[in-house]
Amino acid sequence: MIYLMRHGQDDETYVGGWSNVSLLPEGREEVKESASWIKDNLDIKRILVSDVVRAVQSAKIVSEVINVPYQLEEKLREQNKGLLNGIPKDDAYNNYPGYTDKEITVDTVFPEGESLRNLYERIREYLEELLKMQDDTLLITHRGVINMIYFLLNNKELDMDKKQFGVETASIHELDQKNKTIRKVR
């Protein structure tokens with residue numbers, strides 16, 4: 001088994017993607033709680049982490065609690081929202097008409113970024129590597145990445161419902177490589 005963890009809570013008044021938005025204090029606390037759960041319930045030998053700031057901050061916390069070093073893995077990055085990465089959502093909506101949460105579709109390509117379908121294809125290619133990865137690996141990443149794995153392994157058509165798989169901040173999901181299944185464990 002390998003495990004996927006979403007980073008802790010960050011400031012959602014900013015566009016996420018490949019932004020430099022940091023964890024909020026409550027995000028740090030929920031990551032500490034998840035790290036303690038990992039320490040008590042899993043035997044993690046390796047941590048791979050998205051190189052986006054909020055994921056790296058989460059990895060530092062987990063690494064300290066379970067005493068396992070982490071390594072950056074850019075393939076675990078969230079959807080690239082291009083010119084909108086990290087800007088206040090109000091500014092994004094005012095300066096980039098057509099990019100509000102209600103207007104984007106799975107095929108909307110962000111200026112100098114990618115669409116959700118592009119992320120899906122990127123993770124589909126990476127999934128083959130994940131299925132061959134050594135057991136007891138923890139991947140610290142983003143909701144979009146984990147959601148794409150749920151879509152892929154459940155043969156579900158891609159849609160814009162971000163919350164359907166329960167990938168909350170600091171949640172943990174178990175990927176059974178042998179059976180090609182994923183489920184939330186915390």
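The side chains of H173 and Y150 are joined by a polar contact of 2.8 Å; such a contact is a pair of N or O atoms within 3.5 Å, where, within protein, one must be able to donate a hydrogen and the other to accept it, and residues adjacent in sequence count only if both atoms are side-chain atoms. The model is predicted, so local features need pLDDT of at least 70 and side-chain atom pairs count only at pLDDT 80 or more, while totals for chains, interfaces and linings use all residues. Residues are numbered from 1 along each chain as its sequence is written, and side-chain values use heavy atoms, with hydrogens and water left out.

H173 belongs to strand β5 (residues 172-176). Helices (H or I, at least four residues) and strands (E, at least two) are DSSP runs, numbered from the N terminus. With 0% relative accessibility, H173 counts as buried; buried means under 20% relative accessible area, exposed over 50%, and partly exposed in between (1.4 Å probe, protein chains only). Beyond its neighbours within four places in sequence, H173 is in contact (heavy atoms within 4.5 Å) with residues including I2, L4, F165 and V185.

The open sheet has 6 strands in the order β3-β2-β4-β1-β5-β6, with mixed pairing. Two strands pair if DSSP finds at least two bridges between them. At the edges stand β3 (70-72) and β6 (181-184), each with a single partner strand, so one side of each has no neighbour in the sheet. Strand β2 (residues 46-49) runs parallel to β3 and is joined to β3 by 3 bridges; V49 stands opposite L72 in β3.

Helix α1 (residues 25-41) has 17 residues and spans 25 Å from its first C-alpha to its last, close to the expected 24 Å, a value given by 1.5 Å times one less than the number of residues. Its buried residues are G27, E30, V31, S34, A35 and I38. They lie on the same side of α1, because they cover an arc of only 145° around the axis, taken from the directions from the helix axis to the C-beta atoms. On the other side of α1, P25, K39 and D40 are exposed. The cover over the buried residues of α1 includes β1 (2-6), α2 (53-66), β4 (137-141) and β5.

Two loop residues other than glycine have a positive phi.

| Residue | Loop | Phi | Relative accessible area |
|---|---|---|---|
| E112 | between α3 (89-95) and α4 (116-132) | near 60° | 67%, exposed |
| N155 | between α5 and β5 | near 50° | 73%, exposed |
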